[in-house]
Amino acid sequence: MKFLIDDFEEDTDVCVKYKIDKIFELTLLQEEIIYRALKDGLINGVRYGQATIFRFELQKRDSKIKLEDNGIGCENLEKGVGLITIEDRIKGQGGSLKINFKKGKGFILEIEIPLREDKH
């Protein structure tokens, strides 16, 4: 996650403030879900929301992942293939996706997913 954030900041000159709790070993599917949600959220936040600052949190305690931006937000959201795929994968893991947005107030993705540490 940190490499993705560092590369994104370098490529876009956009600030990503983050807090990532130490989670020892996630399953490969959990890693992929979180990585793709973060990547898509950052890219779409800049592309469509004109965001210049993001906040990303990955908290083990609450099994929550949150990505928030300061972009222009929107009035209506039409989920594209990327967001639908991420939502389906999250639900397949027993989790949920909440999307909060308001025109002029940015965009927030909140993911709750039972984090099961892989012992292998």
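Which residues does Glu87 touch, not counting residues up to four places away in sequence? I found Lys79 and Leu97, where contact means heavy atoms within 4.5 Å.

**Basis of the entries**

I worked from a predicted model, in which local features need pLDDT of at least 70, side-chain atom pairs count only at pLDDT 80 or more, and totals for chains, interfaces and linings use all residues. Residues are numbered from 1 along each chain as its sequence is written, and side-chain values use heavy atoms, with hydrogens and water left out.

**Entry 1: overall layout**

I recorded three helices and five strands in the protein. Helices (H or I, at least four residues) and strands (E, at least two) are DSSP runs, numbered from the N terminus. Along the sequence I read the pattern α-β-α-β-β-α-β-β. The radius of gyration is 14 Å, close to the 14 Å that the globule rule gives for 120 residues, so the protein is as compact as a globular protein of that length. That radius is taken over C-alpha atoms, and the globule rule is 2.2 Å times the number of residues to the power 0.38.

I then looked up the box filled by the C-alpha atoms, which is roughly 45 × 30 × 25 Å along the principal axes. Among contacts with a separation of 6 or more, 62% join residues 24 or more positions apart.

**Entry 2: surface and charge**

I noted that 33% of the 120 residues count as buried. Buried means under 20% relative accessible area, exposed over 50%, and partly exposed in between (1.4 Å probe, protein chains only). The protein exposes about 7,700 Å², of which carbon and sulfur atoms supply 48%. These areas come from the Shrake-Rupley method with a 1.4 Å probe; for residues, only the protein chains shown count as cover.

For charge, I recorded 21 positive and 23 negative side chains, with the centres of the two sets 5 Å apart. Lys and Arg count as positive and Asp and Glu as negative, while His and the chain ends are not counted. The place of a charge is taken as NZ of Lys, CZ of Arg, CG of Asp or CD of Glu.

**Entry 3: helix H1**

Which residues of H1 are buried? In this helix, residues 2-12, I found Leu4, Ile5 and Phe8 buried. They cover an arc of only 95° around the axis, which puts them on the same side of H1. The arc is that of the directions from the helix axis to the C-beta atoms. An α-helix has 3.6 residues a turn, so residues three or four places apart point the same way.

I traced the packing of the buried residues of H1 to strand S1 (15-20), helix H2 (28-47) and strand S2 (53-59). On the face turned away from the buried side I noted the exposed residues Phe3 and Glu10.

**Entry 4: two positive phi values**

Most residues other than glycine have a negative phi, and most peptide bonds are trans. I therefore looked up two residues that are not glycine and have a positive phi: Asp13, at about 60°, and Gln50, at about 55°.

Asp13 follows H1 and is found in the loop between H1 and S1. I recorded Asp13 as exposed, with a relative accessible area of 74%. Gln50 is found in the loop between H2 and S2. Gln50 is likewise exposed, with a relative accessible area of 54%.

**Entry 5: helix H3**

I returned to Glu87, which has its place in helix H3. Glu87 is buried, with a relative accessible area of 13%.

Ile90 also lies in H3, residues 81-92. At 0% relative accessibility, Ile90 counts as buried. Not counting residues up to four places away in sequence, I found Ile90 touching Ile33, Gly95, Ser96, Leu97, Ile111 and Glu112. From Ile90 to Leu28, 62 residues apart in sequence, the C-alpha to C-alpha distance is 13 Å.

**Entry 6: Gly73 and Phe107**

Where does Gly73 have its place? I located Gly73 in the loop between strand S3 (64-69) and H3. The C-alpha atoms of Gly73 and Gly106 are separated by 4.1 Å, with their positions 33 residues apart along the chain. Leaving aside neighbours within four places in sequence, Gly73 is in contact with Lys102, Lys103, Gly104 and Gly106.

Phe107 lies in strand S5, residues 107-112. With the same neighbours-within-four-places exclusion, I listed its contacts as Leu67, Glu68, Asp69, Leu77, Ile99, Asn100 and Phe101. The C-alpha atoms of Phe107 and Cys74, 33 residues apart along the chain, are separated by 8.1 Å.
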